[in-house]
Amino acid sequence: MAHKSVKITVCTMAAVMAFSGMNITADAAASSSVLPSGGIELTLAKGNKLESLSAGTNNTKQIESIIETVLRDDQMDTTPEASEEESFKNLVIAQVNDYVNVRSMPSEQGEIVGKLYDDSVGLFISEENGWYQISSGSVTGYVKAEYCVTGDEAVELAKKVGTRLATVNTTTLKVRTEPSLEASVLGLVPLEDDLVVSDETDGWVQVDTEEGLGWVSTEFVSLHTEFVEAESKEEEAKRLAKEKQEREKARAAAAAKAAGSSKSSSASAPAVTYAASGDSEMGTAVADYALQFVGNPYVYGGSSLTNGTDCSGFVMSVYANFGVSLPHSSSADRSQGAAVDGLANAQAGDLICYSGHVALYIGNGQIVHASTAKTGIIVSNADYKKVLAVRRIF
């Protein structure tokens with residue numbers, strides 16, 4: 001699901017991903033396997049003064065006033081590090097096993113208007129009787145303070161639970177071995193791909209690519225820190241209904257494709273048949289089909305399973321064989337199908353999304369993917385690098 005974004009223009013921030021939690025009681029819920037996708041973005045720019053704020057709520061002016069107060073030059077150091085800390089102090093971050101309810105008033109008698117998931121972020125508005133009033137996504141309401149952190153506690157946690165991303169804004173971006181235009185090219189990244197930032201220097205950021213850590217000029221990327229935000233009751237219902245519809249559509253398309261293949265196949269090469277019920281059988285069929293192309297070449301921008309393909313072209317072409325249309329973009333693949341709560345819950349056929357890369361899960365902790373020009377299509381351990389998202393198509 002795609003959430004509305006809150007964008008706060010501040011100075012440079014550094015963030016990496018992590019996951020944490022704590023025990024829960026009355027107003028927080030236990031773990032589930034499907035979560036909404038990320039939403040709040042802190043968009044980074046030069047300078048250290050707040051320039052704009054947009055939010056999917058009716059409290060934009062109020063929130064803007066709060067953030068402006070936090071970031072006013074006369075109340076803070078003007079270094080990037082100080083700006084980062086001051087902006088993160090205004091976040092409310094959930095620390096629960098799964099989610100904490102967002103209520104219409106600061107009481108357990110208040111109507112539940114949404115959910116703030118573990119490690120998800122809202123903007124602090126006020127505090128009342130052990131409750132924080134927050135704005136997150138399209139949700140404005142109250143969460144129990146005991147299940148969240150804010151202020152000084154939120155500063156370090158925000159750097160861990162947020163993901164610092166560099167989004168490519170040029171047609172083909174060259175990733176270099178050093179922060180210099182004279183350095184050799186490590187690899188190429190297409191337009192709109194998201195790369196996880198691990199370090200930065202003046203005019204350059206170090207990013208994680210399939211070829212390894214490399215450097216890209218900030219002239220050709222947009223930097224932002226991404227957090228998961230709250231989900232309203234209405235958004236949750238729509239998301240679940242849409243995901244169910246997409247799975248049913250994918251199963252129907254795969255069944256139709258299998259039926260057509262069986263009619264045209266010869267007796268010596270019978271078509272694979274797929275079970276009508278259960279997602280795992282369909283996913284296993286996808287994984288088995290993908291594995292036959294191991295050893296074939298990697299070609300940047302390609303989508304041929306035999307003559308050469310890149311990572312997103314590989315998963316796109318594999319799923320096309322089952323009647324399912326996917327985008328030729330690893331970044332766009334992060335929003336396809338339904339969200340899966342972590343690699344531990346992945347099933348065969350799931351999309352495993354990484355920094356600037358996407359693969360197909362084949363089970364037993366492994367993936368098949370079009371890796372690099374040097375390796376081609378290979379099988380790897382799924383946890384060989386940080387996983388950004390797991391998406392289920394069937």
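Reader: Let's start with glycine 114: is this residue buried or exposed?
Author: Keep in mind that we're looking at a predicted model. Glycine 114 has a relative accessible area of 2%, and the cut-off for counting as buried is under 20%. So glycine 114 is buried.

Reader: Which strand does glycine 114 lie in?
Author: Find strand 7, which covers residues 112–117. Position 114 belongs to that run, and the element that holds glycine 114 is strand 7.

Reader: Which residues does glycine 114 touch, leaving out those up to four places away in sequence?
Author: Serine 232 is one to look at, since its C-alpha is 3.9 Å from that of glycine 114 although the two are 118 residues apart in sequence. Serine 232 is also on the contact list of glycine 114. The full list is Val100, Asn101, Val102, Glu231, Ser232 and Lys233.

Reader: Zooming out, how much of the protein chain counts as buried?
Author: The chain has six helices and 27 strands. Among its contacts with a separation of 6 or more, 67% are between residues 24 or more positions apart. Of the 394 residues, the share that counts as buried is 52%.

Reader: Which residues have the most contacts inside the largest nonpolar core?
Author: Nonpolar side chains tend to be buried together in soluble globular proteins. Here the largest nonpolar core has 30 residues, and the elements giving two or more residues to this core include helix 4 (233–264), helix 5 (279–291) and helix 6 (311–320). The residues with the most contacts inside the core are Phe314, Tyr319, Leu351, Leu360 and Phe394.

Reader: What is tyrosine 319 in contact with, leaving aside its neighbours within four places in sequence?
Author: Tyrosine 319 is one of the buried residues of helix 6. Three of the names on its contact list, Leu351, Leu360 and Phe394, also have the most contacts inside the largest core. The whole list is Val286, Val324, Leu326, Gly349, Leu351, Leu360, Ile393 and Phe394.

Reader: How many of the ten residues of helix 6 are buried?
Author: Helix 6 is mostly covered. Its buried residues include Cys311, Phe314, Met316 and Tyr319. The count for helix 6 is nine.

Reader: How far is the sulfur of cysteine 353 from the closest cysteine sulfur?
Author: Cysteine 353 is buried, with a relative accessible area of 0%, and cysteine 311 counts as buried too, at 7%. The closest cysteine sulfur to that of cysteine 353 is in cysteine 311, but it is too far for a bond, given that a disulfide needs the sulfurs within 2.5 Å. The distance between the two sulfurs is 9.4 Å.

Reader: Which residue in strand 27 stands opposite cysteine 353?
Author: Strand 23 (351–354) pairs with strand 27 in the antiparallel sense over three bridges. Within strand 27, the residue opposite cysteine 353 is alanine 389.

Reader: And what is the bridge partner of alanine 339 in strand 27?
Author: Strand 22 (residues 338–340) pairs with strand 27 as well, antiparallel over three bridges. Both faces of strand 27 are covered, with Ala389 and Arg391 buried on one side and Val390 and Arg392 buried on the other. The bridge partner of alanine 339 is arginine 391.

Reader: Which residues do ring pairs link into a cluster?
Author: Tyrosine 289 forms an edge-to-face pair with phenylalanine 293, at 5.2 Å centre to centre and 75° between the planes. Tyrosine 289 also pairs edge-to-face with phenylalanine 322, at 5.7 Å and 90°. The cluster is therefore made up of Tyr289, Phe293 and Phe322.

Reader: How many residues apart in sequence are the parts tied together by tyrosine 289 and phenylalanine 322?
Author: Phenylalanine 322 counts as buried, at 1% relative accessibility. Tyrosine 289 lies in helix 5, whereas phenylalanine 322 is in the loop between helix 6 and strand 22. The pair thus ties together parts whose separation in residues is 33.

Reader: Last one: which residue in strand 26 stands opposite isoleucine 367?
Author: Strand 25 and strand 26 form a hairpin with three residues between them. Strand 26 covers residues 376–381, and the two strands pair in the antiparallel sense over six bridges. Opposite isoleucine 367 stands serine 380.

How values were computed: Residues numbered from 1 in each chain as written. Predicted model: local features only at pLDDT ≥ 70, side-chain atom pairs only at ≥ 80, totals over all residues. Heavy atoms only, no water. Core = buried A, V, L, I, M, F, W, Y, C linked by side-chain atoms within 4.5 Å. Buried < 20%, exposed > 50% of the residue type's maximum accessible area, 1.4 Å probe, protein only. Helix = DSSP H or I, 4+ residues; strand = E, 2+ residues; numbered from the N terminus. Contact = heavy atoms within 4.5 Å. Pairing = 2+ DSSP bridges. Phe/Tyr/Trp six-rings, centres within 6.5 Å; stacked < 30°, edge-to-face > 60°.
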